[in-house]
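Me: I would like a close look at one single part of this model. Please treat its extent, its exposure and its contacts together, in one connected account.

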Amino acid sequence: MNHDINLNIEQSKVCPFLVDLKPSDIQNSPILQFQMASATKDDVFKLFKSINSNLEDSKLHEDVLSTTFDTFWPKIEEALKEVSSVAEASAPAAKKAAKILRHQ
């Protein structure tokens, strides 16, 4: 059973997505072993490219992906700002969670 779990973990794709956080905000956390993306246009596009590259036969040509991303970026950015405002409203809980992650 443990072998199956390890195999699934090795085949998994994980990318923590940081909103209003920097990697330095979560020092000493096991999550740092993964490549992370921030809520910036460049990082979000890199994340989309990574996801697209794993779609095999269904993936978009990079020009199509880039054009589509640029078209929808204003809506994505707006949604990320909404997430950020929710995060600001719950900042005390987020700070507590970050503190817990730092001490694991």
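Reply:
**A close look at one helix**

Read along the sequence, the elements follow the pattern α-β-β-α-α-α, which gives the protein four helices and two strands; here helices (H or I, at least four residues) and strands (E, at least two) are DSSP runs, numbered from the N terminus. The model is predicted, so local features need pLDDT of at least 70 and side-chain atom pairs count only at pLDDT 80 or more, while totals for chains, interfaces and linings use all residues. Residues are numbered from 1 along each chain as its sequence is written, and side-chain values use heavy atoms, with hydrogens and water left out.

The part chosen is helix 2, made up of residues 41-53. Its length can be checked against a simple expectation (1.5 Å times one less than the number of residues): for the 13 residues of helix 2 a span of 18 Å should result, and the end C-alpha atoms are indeed 18 Å apart, so the two values agree.

The buried residues of helix 2 are Asp43, Val44, Phe45, Leu47 and Asn52, where buried means under 20% relative accessible area, exposed over 50%, and partly exposed in between (1.4 Å probe, protein chains only). The list thus includes the nonpolar residues Val44, Phe45 and Leu47, but also Asp43 and Asn52. For the protein as a whole, 17% of the 104 residues count as buried.

Which side chains of helix 2 and helix 3 form salt bridges? The count for the protein comes to two salt bridges, each being a side-chain nitrogen of Lys or Arg within 4 Å of a carboxyl oxygen of Asp or Glu. Side chains of opposite charge can pair when their charged atoms come close. One of the bridges brings together the side chains of Lys41 and Asp70, at 3.7 Å from N to O. This pair links distant parts of the chain, since Lys41 belongs to helix 2 and Asp70 to helix 3 (residues 62-89), with their positions 29 residues apart in the numbering. Both partners count as partly exposed, Lys41 because its relative accessibility is 38% and Asp70 because its relative accessibility is 43%.

The other bridge is formed by Glu62 and Lys49, whose closest N and O atoms are 3.4 Å apart. Because Glu62 lies in helix 3 and Lys49 in helix 2, this pair ties together parts that are 13 residues apart in sequence. Here too the partners count as partly exposed, Glu62 at 45% relative accessibility and Lys49 at 34%.

Asn52, also in helix 2, has a relative accessible area of 9% and is therefore buried. A polar atom of the Asn52 side chain lies 2.8 Å from the backbone nitrogen of Leu60. If residues up to four places away in sequence are left aside, Asn52 touches Lys59, Leu60 and Leu65, contact meaning heavy atoms within 4.5 Å; Leu60 therefore appears both in this list and, through its backbone nitrogen, opposite the polar side-chain atom of Asn52. As a setting for these contacts, among those in the protein between residues at least 6 apart in sequence, 45% join residues at least 24 apart.

The loop between helix 2 and helix 3 contains Glu56. Although Glu56 is not a glycine, its phi is positive, at about 50°, and with a relative accessibility of 62% this residue counts as exposed.

On the other side of helix 2 in the sequence, the loop between strand 1 (17-18) and strand 2 (37-38) holds Asp20. Asp20 likewise has a positive phi, of about 60°, without being a glycine, and its relative accessible area of 48% makes it partly exposed. Asp20 and Ala39 are separated by 19 residues in sequence and by 7.8 Å in space, C-alpha to C-alpha. The side chain of Asp20 also makes a polar contact, at 2.6 Å, with the side chain of Ser84; such a contact is a pair of N or O atoms within 3.5 Å, and within protein one must be able to donate a hydrogen and the other to accept it, residues adjacent in sequence counting only if both atoms are side-chain atoms. Phe34 lies in that loop between strand 1 and strand 2 as well, and counts as partly exposed because its relative accessible area is 32%.
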